[in-house]
Amino acid sequence: MDRFFYNLECFLKQHISRGRFIKLLLGGALYFISNNALLKYAFARTARSGGRPKKNIKGDHDLVVSKGPDPYNNTEKAIEGIGGMDRFVKKGDVVFLKANISWDRSPEQAGNTNPYVVAALVDMCYAAGAKRVNMSDNTCNEARRSYDNSEIPRVAREKGAYVHFVDNWNVVKAEFPYRSPMHDWPIYREAVECDVFINVPILKHHRLTGLTLSMKNLMGVCSGTRGLIHAGIGRKLADLTDYISPELTVIDATRVLLRNGPSGGSLDDVARMDTVIAGTDPVLADSYACTLVDRDPMSITYIEQAVRLGYGSADLTKADILKVKGGR
């Protein structure tokens, strides 16, 4: 503090020319405009977006399912099988990686995405030429505890990802070319304006929807009173998936919470499946994940709605599914 007042006193004793005075005023005004939370909030309330463009990238297979003891290696194998990360990420791209970091749970409790699935994806994004990998989640439990205990931010930052808490002012309001219950919903800007969106949920039980899968995981890019999404959730999640249009979906089924989801807590409710699923159709990826826990995909309301609206397929009999063995 003493140094601050010393520097201030020195500055005030300087002779300031008219030109320099004007520059200081302009600089201060620009700094105020660029950092004022009230202005940002005001602009955010009026910013609108029609959603992410649909790239319709095709993989070498419709789905790749990798099974083995190491979640990092399973993820590598799954992405290699689908065609490699450079199929999706180009040099200089900004990637938004949507992991599930919602709960104050350890990796063993299987409430959040396995951190080493996330780590593998961050590594592969940078190896493919990504300029930046961003990550955030609108958590259900207290954000700092959820981030710390999930271990995802620590591991992802070690790999060079930018993990931060959500900024509720920095949103765009969703617009759709059709009538949607998600119209006007505030969505985090960086999830909409990224070059590549990779959705990385964990497969687990959910009391309301039956299962948490990739489409359910997208609730974490929504601001506002998020609990209201649960009313008519099937159609809302289907439209949200159409709005975000993830280029790649990677489902973590390393440890699967079979009961008392979505938060769980007891290790007695967790089964080890050591599986990672990768695909470009989120509806198909979610449908395959249902079979791991003996659920009919069409019994999950958001899958049924997405199929009915033509956003994806749940027909696994017609899908080209490659199964590979993970190592290590």
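Me: How many bridges join strand 6 to strand 7, and do they run parallel or antiparallel?
Reply: Three bridges join strand 6 to strand 7, and the two run antiparallel; strands pair here if DSSP finds at least two bridges between them, and both helices (H or I, at least four residues) and strands (E, at least two) are DSSP runs, numbered from the N terminus. One such position is K173, which stands opposite P186 in strand 7.

Me: Before going on, what kind of model is this?
Reply: This is a predicted model, in which local features need pLDDT of at least 70 and side-chain atom pairs count only at pLDDT 80 or more, while totals for chains, interfaces and linings use all residues. Residues are numbered from 1 along each chain as its sequence is written, and side-chain values use heavy atoms, with hydrogens and water left out.

Me: OK, back to the sheet: in what order do its three strands come?
Reply: The order is 1-6-7, in an open sheet with mixed pairing. Strand 1 (48-49) and strand 7 (186-188) stand at the edges with a single partner strand each, so one side of each is left without a neighbour in the sheet.

Me: And strand 3, which strands does it pair with?
Reply: Strand 3 (residues 94-99) pairs in the parallel sense with strand 4 (residues 132-135) over three bridges, and also in the parallel sense with strand 8 (residues 196-200) over five bridges. On the strand 4 side the bridge partner of V94 is R132, and the chain gets from strand 3 to strand 4 through helix 5 (residues 115-127) in a right-handed β-α-β crossover (with the strands pointing away from the viewer, the path from the first strand over the helix to the second runs clockwise). On the strand 8 side, A99 stands opposite V200.

Me: Are the residues of strand 3 buried or exposed?
Reply: Six of its six residues are buried, where buried means under 20% relative accessible area, exposed over 50% and partly exposed in between (1.4 Å probe, protein chains only). V94, F96 and K98 point one way from the strand, whereas V95, L97 and A99 point the other way.

Me: What does R132 do with its charged end?
Reply: The charged end of R132 sits over the ring of Y162, 3.6 Å from its centre; the criterion is NZ of Lys or CZ of Arg within 6 Å of the ring centre and within 35 degrees of the ring normal. Strand 4 and strand 5 (residues 162-163) run parallel, joined by two bridges, and N134 stands opposite Y162.

Me: Switching to the interior, which residues touch the most other members of the largest nonpolar core?
Reply: I187 and L203 do, in a core of 47 residues, a nonpolar core being a set of buried Ala, Val, Leu, Ile, Met, Phe, Trp, Tyr and Cys residues joined through side-chain atoms within 4.5 Å. Apart from it lies another core, of 38 residues, among them I101, A130, A156 and V250.

Me: And what does L203 contact, sequence neighbours aside?
Reply: Leaving aside neighbours within four places in sequence, L203 is in contact (heavy atoms within 4.5 Å) with residues including L211, I251, V256, A289 and V293.

Me: Last one: where is Y116, and how exposed is it?
Reply: Y116 has its place in helix 5 and is partly exposed, with a relative accessible area of 39%. Beyond its neighbours within four places in sequence, Y116 is in contact with P71, Y72, R154 and V155; the C-alpha atoms of Y116 and P71, 45 residues apart along the chain, are separated by 6.0 Å.
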